[in-house]
Amino acid sequence: MSKAKLLVVEDDPNLGDILKEYLEMKGYEPTLCRDGEEGWNKFKKDKYDLCLLDIMMPKKDGFTLAKEIKKVQEDLPILFLTAKNQKDDIIEGLKIGADDYLTKPFSMEELLLRITAILRRTQKSTEVVTLKTYSFGDFVLHYDEQFIEGPGGKHKLTSKENELIRLLASEINKLVNRSHALKQIWGDDSYFNARSMDVYLSKIRKILKDDPKVQIITVHGEGFKLIVGEG
């Protein structure tokens, strides 16, 4: 089995060197960059399984780099490393599509657990046997091709949007437990992942507005349902 390739972009020279050495010791293949521009150039030249990005960096900050990476490879997992612990940063990271977030100082053991969990999720998503299409209301989810077709046309989906819609569409008019959904798609039901799922559900609701018969309702304290009415 080949080693997972990690793009590590960290401008603190000491932390960068420690990260590289530790990840190599744990069986990964990290590429270390010292600023956002170097990180972008390395990304364009090679394929990676996961990005670890510092937020505050010279030349190009982590958020800008993450947005550029997502435009090219939308499903590449990103874990942000930052000295800041502000709500706005977490929300910004979620909007970009971050998979996780670690605030400095952090333990290397915790970082390793987060990396392992993210890589396990991304590998699992390719192994699950599912239907190719799911129909509900005026929508058809093309699961394999990661887009949904409806009255408003085609909408390209991220991997998590795709998984969420598939889960809802396989349980039409039934309660989908919130914790179950988080564990199945994100790997655990942590606060960060719960906030991330809320962001994705909001995006999905906007797409589904094209058909008034279809809506996602929240059952407080339990989960949510994809309701498909008559029409």
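Begin by selecting Asp-54, where an unreviewed UniProt entry places the feature "modified residue: 4-aspartylphosphate"; keep in mind, as you look at this residue and at everything that follows, that the model is predicted. Asp-54 belongs to strand β3, which covers residues 50-54. Its relative accessible area is 3%, and because anything under 20% counts as buried, Asp-54 is a buried residue. Now display the residues that Asp-54 touches, setting aside those up to four places away in sequence: they are Val-9, Glu-10, Asp-11, Gly-62, Leu-81, Thr-82 and Lys-104.

Stay with Lys-104, one of the residues touched by Asp-54, and follow the chain from there to Pro-105, since the peptide bond from Lys-104 to Pro-105 is cis, with omega near -5 degrees. Most peptide bonds are trans. Pro-105 itself sits in the loop that runs between strand β5 (100-103) and helix α5 (108-124).

Next, zoom out until the whole protein is in view. You should be able to trace eight helices and twelve strands. The radius of gyration is 19 Å, close to the 17 Å that the globule rule gives for 231 residues, so the protein is as compact as a globular protein of that length. Its C-alpha atoms fill a box of roughly 60 × 35 × 35 Å along the principal axes, and 46% of the 231 residues count as buried. If you colour the charged side chains, you will find 37 positive and 39 negative ones, and the centres of these two sets lie 2 Å apart.

Now select helix α1 (residues 13-25) and pick out Lys-20 within this helix. Is Lys-20 buried or partly exposed? Its relative accessibility is 29%, and Lys-20 therefore counts as partly exposed. Leaving aside neighbours within four places in sequence, Lys-20 is in contact with Pro-30 and Leu-32. You can also draw a distance from Lys-20 to Leu-6, which are 14 residues apart in sequence, and the C-alpha atoms should come out 9.5 Å apart.

Move on to the loop between strands β6 (133-136) and β7 (139-142), where you will find Asp-138. With a relative accessible area of 45%, Asp-138 is partly exposed. Its contacts, again without the neighbours within four places in sequence, are Glu-149, Gly-150, Pro-151, Asp-211 and Lys-213. For another distance, choose Met-197, which is 59 residues away from Asp-138 along the chain: the two C-alpha atoms are separated by 24 Å.

Continue to the loop between β7 and β8 (147-150) and select Gln-146. The phi angle of Gln-146 is near 60 degrees, a positive value in a residue other than glycine. Most residues other than glycine have a negative phi. At 17% relative accessibility, Gln-146 counts as buried.

The next selection is helix α6, spanning residues 159-169, which is mostly covered, with ten of its eleven residues buried. Among these buried residues are Lys-160, Glu-161, Glu-163 and Arg-166, as well as Leu-164, Ile-165, Leu-167 and Leu-168.

Finish in the loop that leads from α6 to β10 (176-177), and select Asn-173 there. Its phi is near 65 degrees, which is again a positive value in a residue other than glycine. Asn-173 counts as partly exposed, at 40% relative accessibility.

How values were computed: Residues numbered from 1 in each chain as written. Predicted model: local features only at pLDDT ≥ 70, side-chain atom pairs only at ≥ 80, totals over all residues. Heavy atoms only, no water. Helix = DSSP H or I, 4+ residues; strand = E, 2+ residues; numbered from the N terminus. Rg over C-alpha atoms; globule rule 2.2 N^0.38 Å. Buried < 20%, exposed > 50% of the residue type's maximum accessible area, 1.4 Å probe, protein only. Lys, Arg positive; Asp, Glu negative; His and termini not counted. Charge placed at Lys NZ, Arg CZ, Asp CG, Glu CD. UniProt positions renumbered as here; feature names shortened; annotations may be inferred. Contact = heavy atoms within 4.5 Å.
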